[in-house]
Every structure is written in structure tokens, then in C-alpha cells.
Amino acid sequence: MKLSFSFLLLSCILLVFSAEAQKKKPTTAANPEQAMNAFVRDLMAKMTLEEKIGQLNLVSVGFDVTGPIVSQNVEENIRKGLVGGVFNTFTPVAVRKLQELAVKQTRLHIPLLFGYDVVHGHKTILPIPLGLAATWDMAAIERSARIAAEESSADGLNWVYSPMVDIARDPRWGRIAEGSGEDTWYGAQVAKAMVKGYQENDLARDNTVMACVKHFALYGAAEAGRDYNTVDMSLQRMFQEYLPPYKAAIDAGVGSVMTSFNEINGVPATANPWLLNDLLRKQWGFKGLVVTDYTAINELVAHGIGKNEYEVGQQALAAGSDMDMVGEVYLKNLGKLVKDGKLSTAQIDAACQRVLEAKYKLGLFTDPYRYANEKRAKATILKKAFISDARDIARKSMVLLKNEKNVLPLKKSGTIALIGPLARNQRDMIGNWSAAGDWKRAVSVEQGIKTVTGGKVNIAYAKGANFTDDTLLIRRLNAHGGELKIDKRAPEEMIQEAVKVALTADVVVAVVGESQGMTGEAASRADIGLPGRQLDLLKALKQTGKPLVVVLMNGRPLTLPWEQNNADAILETWFAGTEAGNAIADVLFGDYNPSGKITATFPQVVGQVPIYYSHKTTGRPYGGELLDKYKSRYLDVSNEPLFPFGFGLSYTTFNYSKPQLNKTTFRPNEPVEVKVDVKNTGNFDGEEVVQLYIQDLVGSVTRPVKELKNFQKIFLKKGETRTVTFKITSEDLKFYNNQLQYGYEPGDFKVFVGTNSRDVQEVGFTLTE
Ligand code: BGC
């Protein structure tokens, strides 16, 4: 009796509790936005104008500066409520210290945002973004962002300046390394995957971070590939080819946007009301925070759109830039601008509100220290699962560009001559923008070979060449963490030593390329061949008659005509991250069969740049008519790239059947089905990226020769055949006409399916009215 009474009591209590919970649920769950609005409104009602302006001030503490100014009086300004966020500071201890200043010592206890350039990993460094893109594996790309989020969020950070989604078709531009290459549709897929990995659609969790899509907009289209240079582009091209990846990030819920350094058709992005207020906010419905790039407001004076910081500060805020990165233009000028009637308090309020909302969404008002968690940092950072995922993702990013007579994979026996400035190197493995990554933790190629072969291979090493012998360039690179160790011997002496070493070996593995600082920001190159004397080194090694395997590390497409003609194998490995050496050795010795494909065209010579697969036909397309002068072509080089977009080999071979359509005439809204049989015809199991391109043959505006619209990465055992099915909908056929209307036009289309953008088979269909 007693028992059943207590049971009854317990049931009643549970009932009351769940009724309470039911009651509360609708108010909190159905209206989280209202709750946030009310909170932010109440807080802002207590804030002075100065405190609101303080929220718009983003300061840099510490190192890794990308411009001339480092913030001054940071601690004092935090105490005064004049700082909204800090970047370049991490670790739970350092973050807690600054957060305490904000939370305990300011009048309104508003916590700080903590941002950082976590671009391809935080401590566990993944391949550079151009390498990640080459995986064609969205799950792997999302995973890379997830690993970065787990580590950085435990290490004090709540905001990462990634993904960088700038379409880049000019490999002279050093920042091509930071994005996913030349293709619009593909870039949009990567953008979505990255945002998902960082934010997981739930910023309230303590292991997610706010992503920041950058650089808005069109930064990758800088004239002549020179960083920060002018961008001038038709609206049609902008909307069709350059804007979709940013839009994809917005649609995926990215919390913040960073403005770009460049001007767009005469108006710098950071002070461009059309770009930020009209397009981003009104048209696309972006509700988050817009931060400028590093001192980008100050630089508006140099751009020549205002006489002084007072004038350009007004323009930037009015245009929709909320937070001023490092430049302190807002801090110094907004108060006066309001007093002078040049800006309204409502404009300041709108920007401040967006900063506070970001903090609210991140849960900082509930627990300002939730991201600075020493225990979690210890358990998370560089944990085993991350390291093994990093190795796997790195292997997937590698692209086999050539493999004559199956020189690869190598046998785990005999002697390898391991030669080149990157063979024993650790610093460059983690690439540019490697954030908090510790290069001393990175696995060199030499170490990777030892580990993967279990010491069964003899390694004969020679450096062979410096990256460059240009002392000024070396000084410049080393001033920014390059760690270039220069061998003082004459280049000829180094080459001779390498040749001697090569003669003792069964095969030569030359690990050559760029030093990481030759890629990334402010690292444009006018000549994009192998730097320094590395090509001379390869030529000398070739003379030995030994099989020559070239392992490349670089952050951009390089011009490699000699290498393509003369090396027996070429493996593109980008800068593969913490596990670089292990991953490279896995591929070299066949423990992993390469499956990566390039996402930026490799030109034959730099004069072909910009070069990209989805070009237009022109009125005089060149079709191989050698004696016909008046064609769109060069006199001294063909129009063909060295390696086309989507190219990459495997240790096995794949055979494609001719693609089949379910019908050849379709009505709009009726999906087109394309089927192709892919067979693994070689001697290894392997993965293949089956690519689908479309051409709209006649349009009211000219259309590209091909556009990627879908792909599938499949695994086939040797001998296995798989039917791959794609659906094309009218959505895939849409484009912007010259009135900027987005839609499809009935007519004839070609569908191409194949292993890269060049080697395809085609079928056609008609879309009726
Ligand atoms: C770069 C951004 C970066 C920022 C902060 C700038 O120079 O353009 O990509 O996020 O610095 O480090």
C-alpha cells in the first residue's frame, strides 16, 4: 500500500513537471528569436553610444598580423567597454583572462567574441583548402571543418574566419590556395559543407563555432592575379559565376560575412552599400554580422573614396560594415559622425545589435567562458581520431597527375633517392594559414616513408636545391614565419650531390614545389613554374636514367610542361597538413590508391591565364584548323591546359559506357535521367569521381562550353561495374540573362559525363516549352 502511494505521488510529480515543461516549451522553443530580440533590446537600452560603438571594435592581440597595425591599449579599452571582439588570441587561459576583463570589469558585463583564422584546421592541420577541394568528398570536407571546430572551440575560440569561397581563375594569385578553385557550382557545395561542419546548424552548442564566409565579394578576380588589386566585372558574370558560393554559405546559415579588400566596379566592398545592404541583406536576407577585413576601412582612404578616416568611416558604416577589424576607425570617428549628423544612432544601433545577437546565439551571455575549457582542450586537441582522420583526408586530397608505366606505387624494398627542399621539411607541410598548428608536430615525407615501409626501404637523401636563392625573397618570407633554411653551397654543387645520390638508388623521389609562404595572402607570383633551381635539379636527375617520381607541394596550379613530358610520375600533394608525410607515403607505396582531382586548371604557360574549363566559345572558336589564322588562339601555344579541371589519375583504370538518357525530349519540371556504367578495368580497387557537365547550346546570352552540375565519387573493386545515375532538373539549366533574370530557356542541351572536364562522352536532349 505504502509502495503504491509513493508510486502515485511520483507519477503526480512527474505529471506536474511535464505539464510545466509543456507550458514553457512553446514560449521558449517557438520564439527563440523573440527571446533574443527582447534580451538584446533590453541590453541596448542600457548602453551609451560609446559602449555601442565599442561593440563594433575588433582588436588583434598577439601575433599573426596581416597588416601594419597591431591594436594598442587592448586591456584598457576592454575595461572601458570599447572592445567587442578580439582575434589572434587563443588557449583557455589567455581567453579567460581577457574575457574576465570584459565580464567582470565593464559596466554592462558584455562578453567578447574571440575570432581566429582557423582556415584548414586549428591544431590538427588538414590539407590547404585547394587540397581539401581536390578530395571531391563533401563528407571529408565537412569533417575537416568539424575537427577544426571541436579543437578551436575548446581552445577559447568561438568565431573562425572561414570558409574562404572566392572563385579564383588566376593561379598567379597566392590566395587561390585558400579556396576551392575555379568552379562556381563546386565552390557552392564546398561552402555548404564547411559551414555545416563549423556550425552544425546549432551555434548554441559549445563545440560549434560561428563561421565567417569571406571575402565578400569577388576578391579572387583581382586583375593580373595581384593581391588586393582592382576587380571590374559585369553583373551577369558576378551573379552567374562568382556570387553563388557566398550565397550558398548564407543559405547554409553562416553567422558572419567578411568584406573583401578589393573594389567592385569602382566602389570598394567595405563601403559598398549595394553589395552589403542591398544584395546581402535585402535580397539574400542575411541577418548576421558583417566584419571588415584587416584595416579595410582605413584603406578606403588609399582607395581614394574619402579624404580621411572620418569620411570613410561614415561610408563603411552606412554601407553595412558592422565591425571594424583592427583599424579603430569606428572607435575614433563614429561618435563625432553621429554628433555631426552624418550618421544616425539608428545606424549604430543596427550594427551593434548584430554584434550582440552573434554573442547571444553563441551562448556567451549564458556562459562567457564556455569556449575556454582546459579540460576539454586537453581531451580534444590533436586527439588520435583527429590525427587519423587528418591522414585519411590528406590522402584523399592528393592528385596523381602522371604515372607512366605504372612506376607508382613503389615497392617497399630497395633504395630510394629522396631529394628536394621539401623531402625532409616539416615547416611547409602545414601550409599557409595554418593558424595554431605546430609545424614541429608535422610528419615529413622522409619520416612518413620510414613509418609506412617499416624501415624496409633504404633512403638516400640530398636536398638538391633551395626553394630559391633570391636572398631578398628569403628575407621577406622568413620575416613572416617562413623558416627557410638556406644551404649556402653553390646551386651546382647541391645538384651534383643529388645526382650522385640518385645514382645509388632504384628510383628517385623528388619532393619539390613552393615554400608555404610563396602561397596565400600577399604571395602573388608572376612566374608560376617551380621556383629557384628546382627545375634544373629535376633535369639533372632525369639525366641519371633512374625512374623519376616528382612529388609536388604547392598552393596553386603550376606550369609544369617539362615535368609533364619528362617525369615518370607526378603526384600533386598540395600542403597536406600535420599528417602530410604519412599520407604521401601511403599513396606512394599503394596503401591508398589516389582519387583526388584538381579543381583549378593547370596552364601550360602563364600567358594562358586566366584559364578555366567553363569558358565561352567565342565567334571564332579554334577547332584545330592549323592554317586558319583568324581563330581565337595563340601563335605560340595551344589553347589546351596542361591538366584540365577535374583531372586526376588512379592506380587503376576506369572505363565509361556512353551515357544514356531516359528520353531525349523533356518538358520543364520533368527530370532528365542520365545513366552511365563505370567499370574498374585495372588491377587495384579504387575510387572514381564521375563528373557531369551540361552545355546550353543556344541562349539569349552566350553560354559556357560546359558547366559542372553534378558528380558522384564511387568506390569500385577491381573488375566491378556500377551504374551511376544522375538527375538533371530545370533548376540545373537556369542562368542569368542580361536583365539579370534567373531562369532556363527551352532548347537543345548537351550532357557530358566523364572522368574530367575534357575526357567526356556526350548525349543531347531538348527541353520543350
Ligand atoms: C585576410 C583575412 C583574414 C584577416 C584576419 C586579412 O589580411 O585577408 O582573410 O581573415 O586578415 O587575419
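**Exercise 1.** Determine which side chain is joined to that of aspartate 340 by a polar contact, and place aspartate 340 in the chain.

*Solution.* A polar contact of 2.4 Å joins the side chains of aspartate 340 and tyrosine 310, where a polar contact is a pair of N or O atoms within 3.5 Å, and within protein one must be able to donate a hydrogen and the other to accept it, while residues adjacent in sequence count only if both atoms are side-chain atoms. This is a predicted model, in which local features need pLDDT of at least 70 and side-chain atom pairs count only at pLDDT 80 or more, whereas totals for chains, interfaces and linings use all residues. Residues are numbered from 1 along each chain as its sequence is written, and side-chain values use heavy atoms, with hydrogens and water left out. Next, aspartate 340 lies in the loop between α14 (329-339) and α15 (345-361), helices being DSSP runs of H or I with at least four residues and strands runs of E with at least two, numbered from the N terminus.

**Exercise 2.** Establish whether strand β15 (residues 548-553) is buried or exposed, and describe its pairing.

*Solution.* Six of the six residues of β15 are buried, so the strand is largely enclosed by the rest of the structure; buried means under 20% relative accessible area, exposed over 50% and partly exposed in between, with a 1.4 Å probe and protein chains only. Leu548, Val550 and Leu552 point one way, and Val549, Val551 and Met553 the other. Finally, β15 runs parallel to β14 (residues 507-513), joined by six bridges, and pairs in the parallel sense with β16 (residues 569-572) over four bridges, pairing requiring at least two DSSP bridges.
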